[in-house]
Amino acid sequence: MTQETITIAGPQGARAGSATPTPVPQNIAAAEALIVTESSRLCAAAVRHKARAIVLTGSMSRGEATLKREGASWRVLGDATFLVVFDGSVPLRVAELERDIDGTLRAQGVRCKVVVVTATAANLRNMRPHIYAYELRERGVVVWGDQEALHLIPRFAASQIPEEDGWWLLCNRMIEQLQSAAEANSFDDDCTAVRYRIAKLYLAMAACYLLAIGQYAPSYRDRAARLQKLAASKDAPPAPIPLQRFSTFVSQCTELKLQGETVDGPNQFPQWRDAVSDAEVLWRWALGRMLGLDPHLSRTDLLAAVAARQPILARAKGWVRAAYVRPSAFCRHGLRWARLAYSMSPRYLVYDVASELFFNTPRPAITPRKLAAMASRLPLPPAEADQQLSWRAVARLVAHNFHVLVSSSRS
(Lines give C-alpha, C1' and ligand atoms only; values in the text may rest on other atoms or scores of the structure.)
Protein backbone atom coordinates (compact mmCIF):
# COMPACT_ATOMS: atom_id res chain seq x y z
CA MET A 1 0.00 0.00 0.00
CA THR A 2 1.32 3.45 -0.93
CA GLN A 3 0.54 6.39 1.35
CA GLU A 4 0.69 9.62 -0.63
CA THR A 5 -1.10 12.83 -1.39
CA ILE A 6 -3.17 12.62 -4.55
CA THR A 7 -4.17 15.48 -6.82
CA ILE A 8 -7.87 15.62 -7.65
CA ALA A 9 -8.53 15.30 -11.34
CA GLY A 10 -10.97 17.68 -12.99
CA PRO A 11 -12.00 21.26 -12.26
CA GLN A 12 -11.23 21.11 -8.56
CA GLY A 13 -7.50 20.86 -9.07
CA ALA A 14 -7.05 20.60 -5.29
CA ARG A 15 -4.09 19.02 -3.57
CA ALA A 16 -4.93 17.37 -0.26
CA GLY A 17 -1.89 18.47 1.68
CA SER A 18 -1.98 22.26 1.79
CA ALA A 19 -2.69 23.97 5.10
CA THR A 20 -2.15 27.53 3.80
CA PRO A 21 -5.16 29.77 4.51
CA THR A 22 -6.81 31.16 1.40
CA PRO A 23 -9.14 34.12 0.75
CA VAL A 24 -12.84 33.55 0.03
CA PRO A 25 -13.02 31.56 -3.24
CA GLN A 26 -13.93 33.68 -6.25
CA ASN A 27 -15.80 31.00 -8.22
CA ILE A 28 -17.45 27.60 -7.87
CA ALA A 29 -14.36 25.65 -8.92
CA ALA A 30 -12.26 27.40 -6.30
CA ALA A 31 -14.91 26.80 -3.62
CA GLU A 32 -15.03 23.09 -4.47
CA ALA A 33 -11.23 22.93 -4.41
CA LEU A 34 -11.19 24.51 -0.95
CA ILE A 35 -13.75 22.01 0.39
CA VAL A 36 -11.74 19.06 -0.92
CA THR A 37 -8.38 20.47 0.17
CA GLU A 38 -9.31 21.40 3.72
CA SER A 39 -11.57 18.41 4.39
CA SER A 40 -9.03 15.87 3.18
CA ARG A 41 -6.20 17.67 5.00
CA LEU A 42 -8.05 17.58 8.32
CA CYS A 43 -9.18 13.97 7.79
CA ALA A 44 -5.59 12.95 7.06
CA ALA A 45 -4.34 14.79 10.16
CA ALA A 46 -6.95 13.02 12.30
CA VAL A 47 -6.19 9.49 11.08
CA ARG A 48 -2.43 9.93 10.43
CA HIS A 49 -0.85 6.60 9.43
CA LYS A 50 -3.82 4.48 10.58
CA ALA A 51 -5.95 4.90 7.45
CA ARG A 52 -5.55 3.18 4.14
CA ALA A 53 -7.26 5.86 2.07
CA ILE A 54 -9.59 8.86 2.13
CA VAL A 55 -12.17 8.92 -0.63
CA LEU A 56 -14.40 11.74 -1.87
CA THR A 57 -17.83 10.33 -2.76
CA GLY A 58 -21.28 11.54 -3.79
CA SER A 59 -22.21 14.41 -6.08
CA MET A 60 -19.00 16.35 -5.48
CA SER A 61 -16.86 13.44 -6.66
CA ARG A 62 -18.94 13.37 -9.87
CA GLY A 63 -18.59 17.12 -10.41
CA GLU A 64 -22.33 17.50 -9.75
CA ALA A 65 -22.45 19.42 -6.47
CA THR A 66 -24.61 22.55 -6.21
CA LEU A 67 -23.05 25.72 -4.80
CA LYS A 68 -24.78 29.05 -4.30
CA ARG A 69 -23.18 32.48 -3.80
CA GLU A 70 -24.48 34.29 -0.72
CA GLY A 71 -22.93 37.72 -0.45
CA ALA A 72 -19.20 37.26 -0.02
CA SER A 73 -19.46 33.56 0.86
CA TRP A 74 -20.52 30.26 -0.70
CA ARG A 75 -23.09 27.72 0.44
CA VAL A 76 -23.30 24.13 -0.72
CA LEU A 77 -26.85 22.88 -1.24
CA GLY A 78 -26.33 19.32 -0.10
CA ASP A 79 -23.14 17.93 1.37
CA ALA A 80 -19.65 16.65 0.68
CA THR A 81 -18.98 13.10 1.83
CA PHE A 82 -15.59 11.62 2.65
CA LEU A 83 -15.06 7.90 3.25
CA VAL A 84 -12.10 6.98 5.46
CA VAL A 85 -10.94 3.43 4.75
CA PHE A 86 -9.03 1.50 7.42
CA ASP A 87 -7.42 -1.93 7.19
CA GLY A 88 -9.06 -2.89 10.48
CA SER A 89 -11.33 -1.45 13.12
CA VAL A 90 -10.01 1.95 14.23
CA PRO A 91 -11.95 4.45 16.39
CA LEU A 92 -12.41 7.90 14.89
CA ARG A 93 -14.13 10.87 16.53
CA VAL A 94 -16.28 11.60 13.53
CA ALA A 95 -18.51 14.30 15.06
CA GLU A 96 -15.50 16.21 16.36
CA LEU A 97 -13.76 15.93 12.98
CA GLU A 98 -16.85 17.17 11.13
CA ARG A 99 -17.08 20.17 13.48
CA ASP A 100 -13.40 21.01 12.87
CA ILE A 101 -13.90 20.87 9.11
CA ASP A 102 -17.06 22.97 9.34
CA GLY A 103 -15.29 25.66 11.36
CA THR A 104 -12.29 25.73 9.01
CA LEU A 105 -14.45 26.10 5.90
CA ARG A 106 -16.68 28.78 7.46
CA ALA A 107 -13.59 30.79 8.40
CA GLN A 108 -12.70 30.83 4.71
CA GLY A 109 -16.14 31.78 3.45
CA VAL A 110 -17.68 28.39 2.61
CA ARG A 111 -20.70 26.78 4.30
CA CYS A 112 -20.81 23.07 3.53
CA LYS A 113 -22.14 20.12 5.47
CA VAL A 114 -19.24 17.68 5.43
CA VAL A 115 -20.07 14.07 6.26
CA VAL A 116 -17.28 11.70 7.30
CA VAL A 117 -17.98 7.97 7.21
CA THR A 118 -15.68 5.03 7.83
CA ALA A 119 -15.25 1.54 6.42
CA THR A 120 -12.72 -1.25 6.60
CA ALA A 121 -11.02 -2.95 3.69
CA ALA A 122 -13.09 -6.03 4.54
CA ASN A 123 -16.28 -3.93 4.25
CA LEU A 124 -15.29 -2.94 0.72
CA ARG A 125 -14.38 -6.48 -0.29
CA ASN A 126 -17.72 -7.79 0.98
CA MET A 127 -19.90 -5.21 -0.76
CA ARG A 128 -22.73 -6.72 -2.76
CA PRO A 129 -24.41 -5.10 -5.75
CA HIS A 130 -26.26 -1.99 -4.66
CA ILE A 131 -26.35 1.67 -5.69
CA TYR A 132 -23.88 2.95 -3.10
CA ALA A 133 -21.25 0.32 -3.91
CA TYR A 134 -21.65 0.87 -7.65
CA GLU A 135 -21.34 4.66 -7.47
CA LEU A 136 -18.49 4.48 -4.96
CA ARG A 137 -16.46 2.17 -7.21
CA GLU A 138 -17.29 3.93 -10.46
CA ARG A 139 -17.20 7.59 -9.36
CA GLY A 140 -15.41 7.79 -6.01
CA VAL A 141 -12.13 9.77 -5.98
CA VAL A 142 -9.22 8.83 -3.72
CA VAL A 143 -7.88 12.12 -2.32
CA TRP A 144 -5.29 10.62 0.04
CA GLY A 145 -3.61 7.26 0.46
CA ASP A 146 -3.84 4.05 -1.54
CA GLN A 147 -5.00 4.90 -5.06
CA GLU A 148 -6.17 1.32 -5.57
CA ALA A 149 -8.39 1.22 -2.47
CA LEU A 150 -11.67 1.34 -4.41
CA HIS A 151 -10.60 -1.65 -6.47
CA LEU A 152 -11.25 -3.72 -3.33
CA ILE A 153 -14.95 -3.41 -4.16
CA PRO A 154 -16.01 -6.34 -6.39
CA ARG A 155 -16.82 -5.21 -9.91
CA PHE A 156 -20.43 -5.70 -10.99
CA ALA A 157 -22.75 -4.30 -13.65
CA ALA A 158 -25.54 -1.81 -12.97
CA SER A 159 -27.99 -4.49 -14.14
CA GLN A 160 -27.06 -6.56 -11.07
CA ILE A 161 -28.34 -3.93 -8.61
CA PRO A 162 -31.64 -5.12 -7.10
CA GLU A 163 -34.74 -3.13 -8.12
CA GLU A 164 -35.57 -2.67 -4.45
CA ASP A 165 -32.46 -0.54 -4.07
CA GLY A 166 -33.98 2.11 -6.31
CA TRP A 167 -37.15 2.12 -4.23
CA TRP A 168 -35.06 2.43 -1.06
CA LEU A 169 -33.30 5.41 -2.63
CA LEU A 170 -36.64 7.07 -3.35
CA CYS A 171 -37.83 6.47 0.23
CA ASN A 172 -34.56 7.83 1.63
CA ARG A 173 -34.88 10.96 -0.48
CA MET A 174 -38.47 11.43 0.68
CA ILE A 175 -37.27 11.34 4.29
CA GLU A 176 -34.55 13.85 3.48
CA GLN A 177 -37.18 16.17 1.99
CA LEU A 178 -39.46 15.66 5.00
CA GLN A 179 -36.64 16.79 7.26
CA SER A 180 -35.91 19.82 5.08
CA ALA A 181 -39.59 20.74 4.90
CA ALA A 182 -39.95 20.42 8.68
CA GLU A 183 -37.11 22.88 9.18
CA ALA A 184 -38.30 25.33 6.50
CA ASN A 185 -40.46 28.39 6.94
CA SER A 186 -42.34 28.01 3.67
CA PHE A 187 -43.79 25.60 1.12
CA ASP A 188 -43.71 28.39 -1.50
CA ASP A 189 -42.75 26.95 -4.89
CA ASP A 190 -40.80 30.12 -5.71
CA CYS A 191 -38.48 29.57 -2.73
CA THR A 192 -34.97 28.43 -3.72
CA ALA A 193 -34.86 25.80 -0.98
CA VAL A 194 -38.20 24.32 -2.07
CA ARG A 195 -37.12 24.20 -5.71
CA TYR A 196 -33.92 22.44 -4.67
CA ARG A 197 -35.97 19.87 -2.72
CA ILE A 198 -38.14 19.34 -5.80
CA ALA A 199 -35.03 18.82 -7.91
CA LYS A 200 -33.49 16.27 -5.53
CA LEU A 201 -36.77 14.34 -5.46
CA TYR A 202 -37.10 14.14 -9.25
CA LEU A 203 -33.48 13.04 -9.56
CA ALA A 204 -34.18 10.19 -7.12
CA MET A 205 -37.31 9.30 -9.09
CA ALA A 206 -35.24 9.11 -12.26
CA ALA A 207 -32.76 6.75 -10.59
CA CYS A 208 -35.57 4.55 -9.25
CA TYR A 209 -37.31 4.31 -12.62
CA LEU A 210 -34.16 3.72 -14.68
CA LEU A 211 -32.96 1.02 -12.30
CA ALA A 212 -36.33 -0.74 -12.57
CA ILE A 213 -36.13 -0.88 -16.39
CA GLY A 214 -32.42 -1.80 -16.53
CA GLN A 215 -31.17 1.61 -17.70
CA TYR A 216 -29.49 2.88 -14.53
CA ALA A 217 -26.56 5.34 -14.76
CA PRO A 218 -24.47 6.71 -11.86
CA SER A 219 -24.63 10.42 -12.76
CA TYR A 220 -27.43 12.98 -12.96
CA ARG A 221 -26.40 14.00 -16.48
CA ASP A 222 -26.45 10.45 -17.80
CA ARG A 223 -29.84 9.73 -16.22
CA ALA A 224 -31.36 12.84 -17.77
CA ALA A 225 -29.90 11.92 -21.17
CA ARG A 226 -31.26 8.38 -20.96
CA LEU A 227 -34.74 9.61 -20.07
CA GLN A 228 -34.65 12.03 -23.01
CA LYS A 229 -33.72 9.17 -25.34
CA LEU A 230 -36.49 6.95 -23.94
CA ALA A 231 -39.06 9.74 -24.25
CA ALA A 232 -38.17 10.18 -27.93
CA SER A 233 -38.23 6.44 -28.64
CA LYS A 234 -41.10 4.77 -30.48
CA ASP A 235 -40.53 1.65 -28.37
CA ALA A 236 -40.41 3.31 -24.96
CA PRO A 237 -40.79 0.95 -21.96
CA PRO A 238 -43.83 1.19 -19.64
CA ALA A 239 -43.68 4.16 -17.28
CA PRO A 240 -45.97 5.25 -14.43
CA ILE A 241 -45.42 8.92 -15.34
CA PRO A 242 -45.81 10.16 -18.95
CA LEU A 243 -42.24 9.91 -20.20
CA GLN A 244 -42.15 13.20 -22.09
CA ARG A 245 -43.27 15.17 -19.04
CA PHE A 246 -41.07 13.11 -16.71
CA SER A 247 -38.03 13.62 -18.94
CA THR A 248 -38.66 17.37 -19.18
CA PHE A 249 -38.97 17.71 -15.41
CA VAL A 250 -35.85 15.62 -14.76
CA SER A 251 -33.85 17.68 -17.29
CA GLN A 252 -34.96 20.92 -15.62
CA CYS A 253 -34.12 19.53 -12.18
CA THR A 254 -30.74 18.30 -13.40
CA GLU A 255 -29.97 21.79 -14.68
CA LEU A 256 -30.95 23.32 -11.35
CA LYS A 257 -28.93 20.75 -9.39
CA LEU A 258 -25.81 21.27 -11.48
CA GLN A 259 -25.99 25.02 -12.11
CA GLY A 260 -27.65 26.19 -8.90
CA GLU A 261 -30.02 28.39 -10.92
CA THR A 262 -32.60 27.88 -13.63
CA VAL A 263 -33.75 30.17 -16.42
CA ASP A 264 -37.30 28.82 -16.32
CA GLY A 265 -39.89 30.70 -14.30
CA PRO A 266 -41.83 29.03 -11.49
CA ASN A 267 -44.70 28.22 -13.87
CA GLN A 268 -42.40 26.09 -16.05
CA PHE A 269 -40.48 24.39 -13.26
CA PRO A 270 -42.28 21.48 -11.56
CA GLN A 271 -44.25 22.47 -8.50
CA TRP A 272 -44.12 20.78 -5.09
CA ARG A 273 -47.57 19.24 -5.64
CA ASP A 274 -46.30 17.75 -8.94
CA ALA A 275 -43.28 16.24 -7.22
CA VAL A 276 -45.28 14.68 -4.39
CA SER A 277 -47.93 13.31 -6.75
CA ASP A 278 -45.37 11.84 -9.16
CA ALA A 279 -43.36 10.40 -6.28
CA GLU A 280 -46.41 8.53 -4.98
CA VAL A 281 -47.26 7.17 -8.44
CA LEU A 282 -43.68 5.94 -8.92
CA TRP A 283 -43.46 4.66 -5.32
CA ARG A 284 -46.54 2.49 -5.94
CA TRP A 285 -45.48 1.41 -9.42
CA ALA A 286 -42.00 0.31 -8.28
CA LEU A 287 -43.45 -1.70 -5.37
CA GLY A 288 -46.14 -3.27 -7.53
CA ARG A 289 -43.55 -4.23 -10.14
CA MET A 290 -41.24 -5.81 -7.55
CA LEU A 291 -44.03 -7.70 -5.81
CA GLY A 292 -46.23 -8.59 -8.77
CA LEU A 293 -49.14 -6.75 -7.13
CA ASP A 294 -51.62 -4.11 -8.20
CA PRO A 295 -49.97 -0.71 -7.45
CA HIS A 296 -53.41 0.67 -6.61
CA LEU A 297 -53.59 -1.40 -3.44
CA SER A 298 -53.45 0.61 -0.23
CA ARG A 299 -50.04 1.81 0.90
CA THR A 300 -50.49 -0.29 4.04
CA ASP A 301 -50.95 -3.47 1.99
CA LEU A 302 -48.01 -2.71 -0.29
CA LEU A 303 -45.72 -1.97 2.67
CA ALA A 304 -46.84 -5.13 4.45
CA ALA A 305 -46.12 -7.18 1.32
CA VAL A 306 -42.60 -5.83 0.80
CA ALA A 307 -41.82 -6.18 4.52
CA ALA A 308 -43.03 -9.79 4.51
CA ARG A 309 -40.64 -10.53 1.66
CA GLN A 310 -37.64 -9.56 3.77
CA PRO A 311 -35.82 -12.62 5.16
CA ILE A 312 -36.37 -13.15 8.89
CA LEU A 313 -32.62 -13.04 9.51
CA ALA A 314 -32.35 -9.61 7.85
CA ARG A 315 -35.28 -8.34 9.92
CA ALA A 316 -33.70 -9.68 13.10
CA LYS A 317 -30.37 -8.04 12.22
CA GLY A 318 -32.16 -4.72 11.91
CA TRP A 319 -33.55 -5.01 15.44
CA VAL A 320 -30.29 -6.32 16.90
CA ARG A 321 -28.50 -3.33 15.41
CA ALA A 322 -31.16 -1.01 16.84
CA ALA A 323 -30.55 -2.47 20.31
CA TYR A 324 -26.80 -2.07 19.83
CA VAL A 325 -26.89 1.59 18.78
CA ARG A 326 -29.64 2.55 21.24
CA PRO A 327 -29.30 0.25 24.28
CA SER A 328 -31.18 2.67 26.53
CA ALA A 329 -34.13 2.69 24.11
CA PHE A 330 -34.06 -1.11 24.01
CA CYS A 331 -34.29 -1.20 27.82
CA ARG A 332 -37.26 1.20 27.84
CA HIS A 333 -39.11 -0.15 24.80
CA GLY A 334 -38.03 -3.81 24.65
CA LEU A 335 -41.56 -5.25 24.83
CA ARG A 336 -42.88 -2.72 22.36
CA TRP A 337 -39.99 -3.45 19.99
CA ALA A 338 -40.77 -7.17 20.24
CA ARG A 339 -44.33 -6.49 19.10
CA LEU A 340 -43.18 -4.25 16.26
CA ALA A 341 -40.60 -6.83 15.16
CA TYR A 342 -43.36 -9.30 14.29
CA SER A 343 -44.51 -7.07 11.45
CA MET A 344 -41.49 -5.19 10.07
CA SER A 345 -37.85 -4.29 10.45
CA PRO A 346 -36.97 -0.77 11.67
CA ARG A 347 -36.36 0.25 8.04
CA TYR A 348 -39.85 -0.61 6.84
CA LEU A 349 -41.51 0.87 9.91
CA VAL A 350 -39.74 4.15 9.19
CA TYR A 351 -40.63 3.95 5.48
CA ASP A 352 -44.24 3.24 6.40
CA VAL A 353 -44.67 6.38 8.49
CA ALA A 354 -42.50 8.48 6.17
CA SER A 355 -44.61 7.63 3.11
CA GLU A 356 -47.88 8.42 4.86
CA LEU A 357 -46.50 11.72 6.11
CA PHE A 358 -44.75 12.67 2.87
CA PHE A 359 -47.71 12.12 0.60
CA ASN A 360 -49.58 14.64 2.76
CA THR A 361 -46.92 17.35 2.49
CA PRO A 362 -48.79 19.61 0.06
CA ARG A 363 -51.49 19.95 2.69
CA PRO A 364 -49.99 19.04 6.09
CA ALA A 365 -53.30 18.98 7.98
CA ILE A 366 -53.34 15.55 9.61
CA THR A 367 -55.28 15.38 12.88
CA PRO A 368 -53.26 15.25 16.12
CA ARG A 369 -54.79 11.85 16.88
CA LYS A 370 -53.59 10.41 13.58
CA LEU A 371 -50.16 11.98 14.03
CA ALA A 372 -49.90 10.33 17.45
CA ALA A 373 -50.83 6.97 15.92
CA MET A 374 -48.15 7.41 13.25
CA ALA A 375 -45.51 8.30 15.82
CA SER A 376 -46.42 5.23 17.87
CA ARG A 377 -45.40 3.00 14.95
CA LEU A 378 -41.83 4.29 14.98
CA PRO A 379 -39.14 2.36 16.91
CA LEU A 380 -37.97 5.54 18.67
CA PRO A 381 -41.12 7.34 19.89
CA PRO A 382 -41.38 10.97 21.04
CA ALA A 383 -39.46 11.82 24.19
CA GLU A 384 -42.71 12.71 25.97
CA ALA A 385 -45.49 10.21 25.45
CA ASP A 386 -48.29 12.72 26.00
CA GLN A 387 -46.88 15.65 24.00
CA GLN A 388 -49.07 17.32 21.36
CA LEU A 389 -47.60 16.40 17.99
CA SER A 390 -47.51 18.60 14.90
CA TRP A 391 -46.76 17.56 11.33
CA ARG A 392 -43.30 19.10 11.63
CA ALA A 393 -42.60 17.28 14.90
CA VAL A 394 -43.45 13.90 13.40
CA ALA A 395 -41.40 14.69 10.29
CA ARG A 396 -38.40 15.43 12.50
CA LEU A 397 -39.07 12.24 14.45
CA VAL A 398 -39.10 10.19 11.23
CA ALA A 399 -35.76 11.73 10.22
CA HIS A 400 -34.31 10.99 13.66
CA ASN A 401 -35.37 7.32 13.46
CA PHE A 402 -33.92 7.07 9.97
CA HIS A 403 -30.53 8.57 10.81
CA VAL A 404 -30.10 6.58 14.03
CA LEU A 405 -31.42 3.17 12.99
CA VAL A 406 -31.52 2.90 9.20
CA SER A 407 -29.18 5.14 7.19
CA SER A 408 -25.97 3.18 7.80
CA SER A 409 -27.60 -0.26 7.66
CA ARG A 410 -28.53 -2.62 4.84
CA SER A 411 -31.10 -4.51 6.96
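Reader: Which residues does Arg 223 touch, not counting residues up to four places away in sequence?

Author: In this predicted model, Arg 223 lies in helix H7, which spans residues 220-232. Arg 223 is buried, since its relative accessible area is 5% and buried means under 20%. Leaving aside residues up to four places away in sequence, its contacts are Glu 135, Leu 203, Ala 207, Leu 210, Tyr 216, Ala 217 and Pro 218.

Reader: With which side chain does that of Glu 135 meet in a salt bridge?

Author: Glu 135 is buried, with a relative accessible area of 17%, and belongs to helix H4 (residues 131-139). Its partner is in helix H7, 88 residues apart, so that the pair links distant parts of the chain. The N to O distance is 2.7 Å, and the partner is Arg 223.

Reader: Which residues are linked with Arg 223 in a network of salt bridges?

Author: A search of the whole structure finds 24 salt bridges. One of them joins the side chains of Glu 135 and Arg 223. The network that holds this pair links Arg 223 with Arg 62, Glu 64, Glu 135 and Arg 221.

Reader: Is Lys 200, which forms a salt bridge with Glu 176, buried or exposed?

Author: The closest N and O atoms of Glu 176 and Lys 200 are 3.1 Å apart. Glu 176 lies in helix H5 and Lys 200 in helix H6 (residues 192-212), so the pair ties together parts 24 residues apart in sequence. At 28% relative accessibility, Glu 176 counts as partly exposed. Lys 200 has a relative accessible area of 9%, and is therefore buried.

Reader: Against which helices do the buried residues of H10 pack?

Author: Helix H10 covers residues 299-309, and its buried residues are Leu 302, Leu 303, Val 306 and Ala 307. They lie on the same side of H10, because they cover an arc of only 130° around the axis. On the other side, Thr 300 and Ala 308 are exposed. The buried residues pack against helices H5 (163-183), H9 (272-291), H11 (312-325) and H13 (346-358).

Reader: Which residue in helix H10 meets Glu 280 in a salt bridge?

Author: Glu 280 is in helix H9, and its partner in helix H10 is 19 residues apart from it. The side chains meet at 2.8 Å, N to O, and the partner is Arg 299.

Reader: What is the bridge partner of Ala 53 in E5?

Author: Strand E1 (residues 51-57) is joined to E5 by four bridges, and the two run antiparallel. In strand E5 (residues 141-145), four of the five residues are buried. The partner of Ala 53 there is Gly 145.

Technical notes. Residues are numbered from 1 along each chain as its sequence is written. This is a predicted model: local features need pLDDT of at least 70, side-chain atom pairs count only at pLDDT 80 or more; totals for chains, interfaces and linings use all residues. Side-chain values use heavy atoms; hydrogens and water are left out. Buried means under 20% relative accessible area, exposed over 50%, partly exposed in between (1.4 Å probe, protein chains only). The arc is that of the directions from the helix axis to the C-beta atoms. Contact means heavy atoms within 4.5 Å. Two strands pair if DSSP finds at least two bridges between them. A salt bridge is a side-chain nitrogen of Lys or Arg within 4 Å of a carboxyl oxygen of Asp or Glu.
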